[in-house]
Amino acid sequence: MDKIIIEGGKPLKGTVKISGAKNAALPIIAACLLTGGWHRLHNVPHLKDIQTTKRIMSKLGVVFRDDNNTLEVNSDNLRSHEAPYDLVKTMRASILLLGPLLARYGRAKISLPGGCAIGERPVNLHLKALVSMGVDIRLDHGYIIAQVDRLKGANIFFDTPTVTGTENIMIAAVKAKGQTVLRNTAKEPEIQDLANMLRSMGADIEGDGTDTIVIHGVDNLRPTQHTIMPDRIEAGTFMIAAAITKGDIKIQGCRPEHVGALIEKLEPAGARIQVSDDTIFVKGPDIIKSVDIKTMPFPGFPTDLQAQFMTLMCIAKGRSLIRETVFENRFIHVSELKRMGADIEINGSQALIKGKGYLLSAPVMATDLRASASLILAGLVAKDGRTEVNRIYHLDRGYEALEKKFVNLGATIWREKG
Ligand code: EPZ
């Protein structure tokens, strides 16, 4: 298995260009199933999860044409409605195929996503909403078997704001009979990017980005062209990298308004931040101050930046409290940070960090995508030797050429093939 080696202690300097967003590209590629013809998607990142989506959809009969970061998608000749366990088990977001398959073909067989390192992550809210749209759903030998003549509009209230739940049902409702009203929806920017893509196909959607979305079903859609939004979690990871290494980084091709909650915490921690249209400048402080955070759905502090921010707090001056409210088991990176000398106490969904001003290099193990990013950041500041981050296949799921981007910023970091 590949691993990444880091010799820390260097302030990062220079410019980094942000890639397209994984969590926007996944639902947008799935939504291409809604109608035939060639869709053309730009700024699609090269990631393991995108490859997995393409492999599952190719098994359904979808044809792809890849040209750098432009992906063309055609589903004229679908021959299957089944997303098999062996692929779905590697990526829960495969559930996003359920809505478009039902909207276009009236049936789908999708392996039920199993457990996940960061939490139980059920899909009950997706299924409950589809049942209220007239879908007949049964679970059979680990598969969701779903069938409907034509989806019908419905009034749906999500018990908790769910990102992929909102996306799945929004896609399904685009071709449903009548009006669908979704309440207590997630408000993440990725949902708005998907809604923009669907509207450019001819969908009638209002309210995305708020907690109430109204969709009027249409009969016909057309293939479209869309540019995927920049990845706000990748941008946030580089902002924290600048702060933690006392660096000075220009983060280009991002949307500053998407990382407002992080800016609100990095500035009191001592970072100097300047924002312009699609660029953020971050200058790291000599001394990092401790700051408390509480993860929340957007526009709150993103759970996908919690682990990276924890690494920063490990070298801060003072104590900080991190509360994780979105996922019930998202502190797995703590034991690895402790191997690097961090002082962290966990109490249920809270972690108390006593900043020590330093971390020590060590061999560590990545356990999920964002935990692996937090260990890379730890390695960039760790002193006395080399940090070795193992199981980095987690990282490749969601970061495009991360170590190359860090090398361009002056880091000593490389990959060793396993
Ligand atoms: C999306 O996951 C992202 N994934 C996650 O990013 C992100 O952490 C998460 O939203 C929260 O921001 C993609 O967009 C592909 P949720 P999702 O449904 O949609 C509970 C990364 O690192 N829930 O908003 O699966 C759930 O258990 C990944 O890029 C139900 O109970 O998250 C959780 O506690 C990790 N029943 C809460 O809602 C359901 O049917 C929010 O989950 C659905 C969700």
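These are my notebook entries on a predicted model, taken by topic.

**Entry 1: the four-stranded sheet**

I looked up the strand order first. The sheet is open, has 4 strands with mixed pairing, and reads β4-β5-β3-β14. β4 (63-67) and β14 (225-227) are the edge strands, and each has a single partner, so one side of each has no neighbour in the sheet. I noted an average turn of 15 degrees between neighbouring strands, direction ignored.

I then took the pair β3 and β5. Strand β3 (residues 38-42) runs antiparallel to strand β5 (residues 70-74), and 4 bridges join them. One residue I followed across was His39, whose bridge partner in β5 is Val73. Helix α7 (residues 189-201) packs on this sheet and touches β3 and β14. The direction of α7 makes about 160 degrees with that of β14.

**Entry 2: strand β15 and its partners**

Which strands pair with β15, and in what sense? Strand β2 (residues 13-17) pairs with β15 in the parallel sense over 5 bridges. Strand β17 (residues 279-283) runs antiparallel to β15, again with 5 bridges. I checked Asp248 on both sides: Lys13 has Asp248 as its bridge partner in β15, and Asp248 has Lys283 as its partner in β17.

Next I went along β15 (residues 248-252) for side-chain direction. Ile249 and Ile251 point to one face and are buried. Asp248, Lys250 and Gln252 point to the other face and are not buried. In a regular strand, side chains alternate between the two faces of the sheet.

**Entry 3: nonpolar cores**

The largest nonpolar core has 74 residues, and Leu98, Met133, Leu151 and Leu198 touch the most other members. I asked which helix gives the most to this core. The answer is α1 (residues 22-31), with 7 residues.

I listed the contacts of Leu151, leaving out residues up to four places away in sequence. Leu151 touches Leu102, Ala103, Leu130, Met133, Val135, Ala172, Ala176 and Lys177. A second core of 69 residues is separate, and I noted Ile6, Ala242, Ala243 and Ala342 among its members.

**Entry 4: around the ligand**

I counted 21 residues around the ligand, of which Asn124, Thr162, Thr164, Asp304 and Val326 come nearest. I then looked at polar side-chain atoms. Asn124 has one at 2.7 Å from a nitrogen atom of the ligand. In the side chain of Arg121, an N or O atom is 2.9 Å from a ligand oxygen atom. Arg370 has a polar side-chain atom 2.8 Å from an oxygen atom of the ligand.

**Entry 5: two buried polar residues**

Is Thr185 buried or exposed? Thr185 has 2% relative accessibility, and the cut-off for buried is under 20%, so Thr185 counts as buried. Thr185 sits in the loop between β11 (179-183) and α7. A polar atom of the Thr185 side chain lies 2.9 Å from the backbone oxygen of Thr210. Beyond neighbours within four places in sequence, the contacts of Thr185 are Phe158, Pro161, Thr166, Thr210, Asp211, Thr212 and Ile213.

Glu234 is in helix α8 (residues 232-244). Glu234 is also buried, with a relative accessible area of 2%. Not counting residues up to four places away in sequence, I found Glu234 touching Lys17, Ile18, Ser19, Tyr399 and Lys405. I also looked up the separation from Asp277, which is 43 residues apart from Glu234 along the chain: their C-alpha atoms are separated by 17 Å.

Terms used: Residues are numbered from 1 along each chain as its sequence is written. This is a predicted model: local features need pLDDT of at least 70, side-chain atom pairs count only at pLDDT 80 or more; totals for chains, interfaces and linings use all residues. Side-chain values use heavy atoms; hydrogens and water are left out. Two strands pair if DSSP finds at least two bridges between them. Axes are lines fitted to C-alpha atoms, for helices over the stretch in contact, and angles run from 0 to 180 degrees between N-to-C directions. Contact means heavy atoms within 4.5 Å. A nonpolar core is a set of buried Ala, Val, Leu, Ile, Met, Phe, Trp, Tyr and Cys residues joined through side-chain atoms within 4.5 Å. Buried means under 20% relative accessible area, exposed over 50%, partly exposed in between (1.4 Å probe, protein chains only). A residue is near a molecule or strand if one of its heavy atoms lies within 4 Å of it. A polar contact is a pair of N or O atoms within 3.5 Å; within protein, one must be able to donate a hydrogen and the other to accept it, and residues adjacent in sequence count only if both atoms are side-chain atoms.
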